[in-house]
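Got the viewer open? Let's take a walk through this structure, one selection at a time.

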Amino acid sequence: MLTSTTKAVILAGGRGTRMRRADPGAGIDAAQRSMADSGLKGMIPIGRPFLDYVISALADAGIGDVCLVIGPEHQRVRDYYGSEVELERVRAHFVVQAQPRGTADAVAAAESFADGEHVLMVNSDNYYPVHTLRALRELGTAGLAAFERDALVRLGNIDPDRVVTFSVVRIDEAGMLERIVEKPDAATVASLGPEIFVGMNSWSLPPEIYESCRSIQPSARGELELPDAVQHARDELGVSFRALRFRDGVLDLSSRRDIAAVADRLRDVVPRL
């Protein structure tokens, strides 16, 4: 019997390479610049730390336990969510990814938190629609949220030049994931039809994913990539991933130029943790 989950894993320990890059035209204040210099995107203040909005949306979707995967240098995240801010709707847990070895390695670090259950997994630098998160939570099986590319541009803060670099999702006639294609060429994109769906690293991950995370080899970038682990789980372990299609915007906080646009979109949102 399929059951909903109340657990979510948030990848909050990346290097933040793009966010660290100076951008005199970004129009950010001193506090935002200081946090951007650290690369800790989820803690960039836009009235409140951006992660407050992410976690509040998860709580709105029915999540009660969040596990923040952080690096050894990210004590600021542990201090803030561990003792500084009052949590009324969620419980915060922390695991440390010892080295930044990629998204699959970060997911594997949270295996004990999952404790054999399906869990949601999202990025700390993306703000997803609540109904998207709720649909993933209630899926009760392996799956991902696939976002229509034009809608991401129209309804989010992601411009056309950036969205064409995103991985595309190949979905079969039954609505199941076939493959995630990184850096697709023109022929691959053309084969997908009039609507192109991309991945935004929002998943319902099954217990089998941890075996797959341990089984894959580093990618050409030298990292253990979650899409490779998902493909391994599908092809080698027989796990089917349902692709939930959405025509929504997602707020993406990747670079300093994104900060003002994201703050403007969230100006009327009051996070409740």
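**Stop one: the largest pocket**

Start with the open space: the largest pocket holds about 1600 Å³. Keep in mind as you look that this is a predicted model.

Now select Arg18, Thr103, Asn123, Arg221 and Glu225. Of the 48 residues lining the largest pocket, these lie nearest its centre. To see which parts of the fold supply the lining, colour helix H1 (17–20), strand E2 (65–70), helix H5 (103–109), strand E9 (197–205) and helix H12 (226–237); each gives two or more residues to it. Which element gives the largest share of this lining? That's E9, with five residues.

Try colouring the lining of the largest pocket by residue class, too. You should find 16 nonpolar, 19 polar and 13 charged residues.

**Stop two: the second largest pocket**

Next, select Val169, Arg170, Ile171, Ser191, Leu192, Glu195, Phe197 and Arg245, which line the second largest pocket. The space here is about 160 Å³. Strand E7 (residues 168–171) gives the most to this lining, three residues in total. By class, the residues around the second largest pocket are four nonpolar, one polar and three charged.

**Stop three: serine 167**

Move on to serine 167, in the loop between helix H9 (160–163) and E7. Is serine 167 buried or exposed? Its relative accessibility is 11%, and buried means under 20%, so serine 167 counts as buried.

Show what surrounds it. Beyond its neighbours within four places in sequence, serine 167 is in contact with Ile180, Val181, Glu182, Phe197, Val198 and Gly199. Phe197 may ring a bell: you selected it at the second largest pocket, as part of the lining.

Then draw a distance from serine 167 to arginine 179, C-alpha to C-alpha. The two are 12 residues apart in sequence, and your viewer should give 10.0 Å in space.

**Last stop: the whole chain**

Zoom out and switch to a cartoon view. The protein chain has 13 helices and 11 strands. Its C-alpha trace spans about 50 × 40 × 35 Å along the principal axes. A compact globule of 273 residues would have a radius of gyration near 19 Å, and the 18 Å of this chain agrees with that.

Colour by burial, and 55% of the 273 residues come out as buried. Switch on the surface: its accessible area is about 12200 Å², with 47% belonging to carbon and sulfur atoms. Finally, look at the contacts between residues at least 6 apart in sequence: 77% of them join residues at least 24 apart.

Methods. Residues numbered from 1 in each chain as written. Predicted model: local features only at pLDDT ≥ 70, side-chain atom pairs only at ≥ 80, totals over all residues. Heavy atoms only, no water. 1 Å grid on protein atoms, 1.4 Å probe; cavity = no way out; pocket = protein on both sides within 12 Å on 5 of 7 lines; lining within 4 Å. Points joined across faces, edges and corners; volume = space filled by probe spheres on them. Helix = DSSP H or I, 4+ residues; strand = E, 2+ residues; numbered from the N terminus. Nonpolar A, V, L, I, M, F, W, Y, C, P; charged D, E, K, R; others polar. Rg over C-alpha atoms; globule rule 2.2 N^0.38 Å. Buried < 20%, exposed > 50% of the residue type's maximum accessible area, 1.4 Å probe, protein only. Contact = heavy atoms within 4.5 Å. Areas by Shrake-Rupley, 256 points an atom, 1.4 Å probe, with all protein chains shown as cover.
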